[in-house]
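Student: Please take me on a close look at one single part of this protein, and then show me how the rest of the chain connects up around such a part. I'm new to this, so explain the terms as you go.

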Amino acid sequence: NSLYCVGSNGFYYSNDQGDNWTKSNGGLTVNYFNLMTIAGSELYIGSYGGGVFKSIDFGNNWTYSAFDSTNIYVLYSFNNNVFASKSYGCNLGPHLYESIDNGLTWPLSDSGITTMPFKDMATFGRYIIAGGDCDIYLSADTGRTWTSMYTSDLPDTGNIIRLTSSLFVKDSLIFLATDGGGLYCTSDTGRSWVSKSINMSQLSH
């Protein structure tokens, strides 16, 4: 029943519903962390400038996992596997990595992906969704291959609109919050999208 959080001073945990927090940075070589995910009993945290670290003892100790001196933009777990995205820029690669061996190796998992960076991921039944500044992708095979969900219903991307600010799923609906283009929803796994925003522009979690 522990609570976990990361920030500009590292990793913290609380065992009393948030009344008190304990800093636990043993093994961490950088301080600024922005992402966290849990895969089974392991914790993974992503940093600005230091890559990914993992803990097998609920955050008491940390070991380096991958992507030294790299900014991590997405860290997401699915079926105890962990995805990480580290590149920046719509046409820069590589794109998306997946570890299926508890963070020991991180091979590319980006077949079908042509644009970056990713900003958020979500799960919809057996599907994984990955949204970025310039496109949004769907995988039906646990990340081995990806198909674009972008249609003309969504706003054009460019210097002003970044396609994905955040993704979230509610029942049979997938919602896409854009940075500069409003809120959109699909009920058919991306074959069509409907605008759900009125006077909305910049949206986030």
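Tutor: We'll zoom in on one strand, follow its contacts outward, and then visit some other spots in the chain.

First, a bit of housekeeping. Residues are counted from 1 along each chain as its sequence is written, and side-chain values use heavy atoms, with hydrogens and water left out. This is a predicted model, where local features need pLDDT of at least 70 and side-chain atom pairs count only at pLDDT 80 or more, while totals for chains, interfaces and linings use all residues.

That pLDDT is the predictor's confidence in each residue, from 0 to 100. The protein chain averages 88, and 90% of the residues score at least 70. Among the elements, strand E6 (residues 52-55) has the highest mean at 97, and strand E15 (residues 162-170) the lowest at 84. Where pLDDT is low, the predicted coordinates should not be read in detail. As for the labels, helices (H or I, at least four residues) and strands (E, at least two) are DSSP runs, numbered from the N terminus.

Our close-up is strand E5, which covers residues 42-47. Is E5 buried or exposed? Of its 6 residues, 6 are buried, so E5 is largely enclosed by the rest of the structure. (Buried means under 20% relative accessible area, exposed over 50%, and partly exposed is in between, using a 1.4 Å probe on protein chains only.) Look at the two faces: Glu42, Tyr44 and Gly46 sit on one side, Leu43, Ile45 and Ser47 on the other, and all of them are buried.

Now for the neighbours of E5. Two strands pair if DSSP finds at least two bridges between them. Strand E4 (residues 33-39) pairs with E5 in the antiparallel sense over 6 bridges, and Ile38 has Leu43 as its bridge partner there. E4 and E5 make a hairpin with 2 residues between them, and Gly40 in that turn has a positive phi of about 65 degrees. E5 also pairs with E6, again antiparallel, over 4 bridges. Leu43 turns up here too, with Ser55 as its bridge partner in E6. The hairpin of E5 and E6 has 4 residues between the strands, and its Gly49 takes a positive phi near 95 degrees.

Side chains link E5 and E6 as well. Lys54 forms a salt bridge with Glu42, with the closest N and O atoms 4.0 Å apart. (A salt bridge is a side-chain nitrogen of Lys or Arg within 4 Å of a carboxyl oxygen of Asp or Glu.) Lys54 belongs to E6 and Glu42 to E5, 12 residues apart. Lys54 counts as buried at 13% relative accessibility, and so does Glu42 at 11%.

How many salt bridges does the whole structure have? The search finds 2. In the other, Asp133 meets Lys119 at 3.0 Å, N to O. Asp133 lies in the loop between strand E12 (127-132) and strand E13 (136-139) and Lys119 in strand E11 (residues 118-124), so this pair ties together parts that are 14 residues apart in sequence. Asp133 is buried at 6%, whereas Lys119 is partly exposed at 25%.

Back to E5, whose Tyr44 leads us to the rings. Ring pairs link Tyr44, Phe67, Tyr97 and Trp106 into a cluster. (Rings of Phe, Tyr and Trp, with its six-membered ring, pair if their centres lie within 6.5 Å; planes under 30 degrees apart count as stacked, over 60 as edge-to-face and the rest as tilted.) The structure holds 13 aromatic pairs. One of them is Phe67 with Tyr97, a tilted pair at 4.9 Å centre to centre and 55 degrees between the planes. Phe67 is in the loop between strand E7 (63-66) and strand E8 (74-78) and Tyr97 in strand E10 (residues 97-99), 30 residues apart. Phe67 counts as buried at 13%, as does Tyr97 at 9%. Another pair, Phe168 with Phe175, is stacked: 5.0 Å centre to centre, 5 degrees between the planes. Phe168 is partly exposed at 37%, while Phe175 is buried at 14%.
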